[in-house]
Amino acid sequence: MKPTPGQARSHHDHLADTGPAEDHGRVVTTNRRAAAFYRQAQRARDARQATTALRLAVNADPAFGLAIADLGAVTATASKDPSRPQMSWERHHIEVVRTAATGKAQRAADLLREHLATVGCDPLAVRIAAQLRPPDGQDDDFEDLVRRLPGCHATLWPSSP
Ligand SMILES: [Zn+2]
């Protein structure tokens, strides 16, 4: 039976139908347990909390491409290419954090802007790219990009001392 416009399914049903999702309901290519840890990482207040949650996510699914790429970027260790086909938002996210991890801040900011134009909000992509920017780097419009983030995850992690 086709749902009529007046009977739009709730957010919750949507998640139940599409499988594990991140904090905005986008599908993540992993199991439910790992996705729950990934959502914790998205809500983390600082890089340390996020790293802990990402490690738990990778423990729960050692082939979780998104969490592997994020963990590699925040811990400055090389990460393998995802072994499973990824959702397109996941591919773009992974490209952003990996580019940021190689120190190409301007390129990472450009990719991030394109990515956010599609997805609206992606807290780990933004925070990881922000964290990996060289402290004395040129202003690469990053401030502007951060100012225009939607309110759901608008804050960055405090920079490490
Ligand atoms: Zn958000």
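**Exercise 1. Describe helix H6 and find which of its faces is buried.**

Helix H6, which covers residues 105–119, has 15 residues and reaches 20 Å from its first C-alpha to its last, close to the 21 Å expected at 1.5 Å a residue. The expected span is 1.5 Å times one less than the number of residues, and helices here are DSSP runs of H or I with at least four residues, while strands are runs of E with at least two, numbered from the N terminus. The model is predicted, so local features need pLDDT of at least 70 and side-chain atom pairs count only at pLDDT 80 or more, whereas totals for chains, interfaces and linings use all residues. Residues are numbered from 1 along each chain as its sequence is written.

The next step is burial, for which a residue counts as buried if 20 or more other C-beta atoms lie within 10 Å of its own, as exposed if 12 or fewer do, and as partly exposed in between, with C-beta atoms placed from the backbone. In H6 the buried residues are Ala108, Ala109, Leu111, Leu112 and His115. Seen down the axis of H6, these buried residues fall within an arc of 165 degrees, so they line one face of the helix; the arc is that of the directions from the helix axis to the C-beta atoms. An α-helix has 3.6 residues a turn, so residues three or four places apart point the same way.

The last step is to name the partners: the buried residues of H6 pack against helix H5 (88–101), helix H7 (123–131) and helix H8 (142–147). H6 is followed by Gly120, whose phi is positive, near 85 degrees.

**Exercise 2. Compare how H5 is oriented towards H6 and towards H7.**

Two packed helices are described by the angle between their axes and the distance between the axes. Axes are lines fitted to C-alpha atoms, for helices over the stretch in contact, and the angles run from 0 to 180 degrees between N-to-C directions.

For the pair H5 and H6, the axes come within 8 Å and cross at roughly 160 degrees. H5 and H6 are therefore roughly antiparallel to each other, given that angles over 145 degrees count as roughly antiparallel, those under 35 as roughly parallel, 65 to 115 as roughly perpendicular and the rest as oblique. The residues that make this contact include Trp89, His92 and Val96 of H5, and Ala108, Leu111 and His115 of H6, where contact requires C-beta atoms, placed from the backbone, to lie within 7 Å.

For the pair H5 and H7, the axes are 9 Å apart and the packing angle is about 10 degrees, and H5 and H7 are therefore roughly parallel to each other. Here His93, Val96, Val97 and Ala100 in H5 meet Ala125, Ile128 and Ala129 in H7.

**Exercise 3. Repeat the analysis for helix H2, and place the residue at its end.**

Helix H2 comprises residues 32–43, and its 12 residues should span 16 Å at 1.5 Å a residue, which agrees with the 17 Å between its end C-alpha atoms. Its buried residues are Ala34, Ala35, Phe37, Tyr38, Ala41 and Gln42. Seen down the axis of H2, they fall within an arc of 160 degrees, so they line one face of the helix, and they pack against helix H3 (47–60), H4 and H7.

H2 and H3 pack at an angle of about 170 degrees with their axes 8 Å apart, which makes H2 roughly antiparallel to H3. Among the H2 residues that meet H3 are Phe37, Tyr38 and Ala41, and the H3 residues include Ala53, Leu54 and Ala57.

Arg43, also in H2, has 14 C-beta neighbours inside 10 Å and so counts as partly exposed. Its C-alpha atom is separated by 7.6 Å from that of His153, although the two are 110 residues apart along the chain.

**Exercise 4. Classify Glu90 and Ala76 by their surroundings.**

Glu90 is found in helix H5 and, with 22 C-beta neighbours inside 10 Å, counts as buried. Not counting residues up to four places away in sequence, Glu90 touches Val28, Thr29, Gly65 and Leu66.

Ala76 lies in the loop between helix H4 (65–75) and H5, and with 8 C-beta neighbours inside 10 Å it counts as exposed. The phi of Ala76 is near 55 degrees, a positive value in a residue other than glycine.

Definitions and conventions: Contact = placed C-beta atoms within 7 Å.
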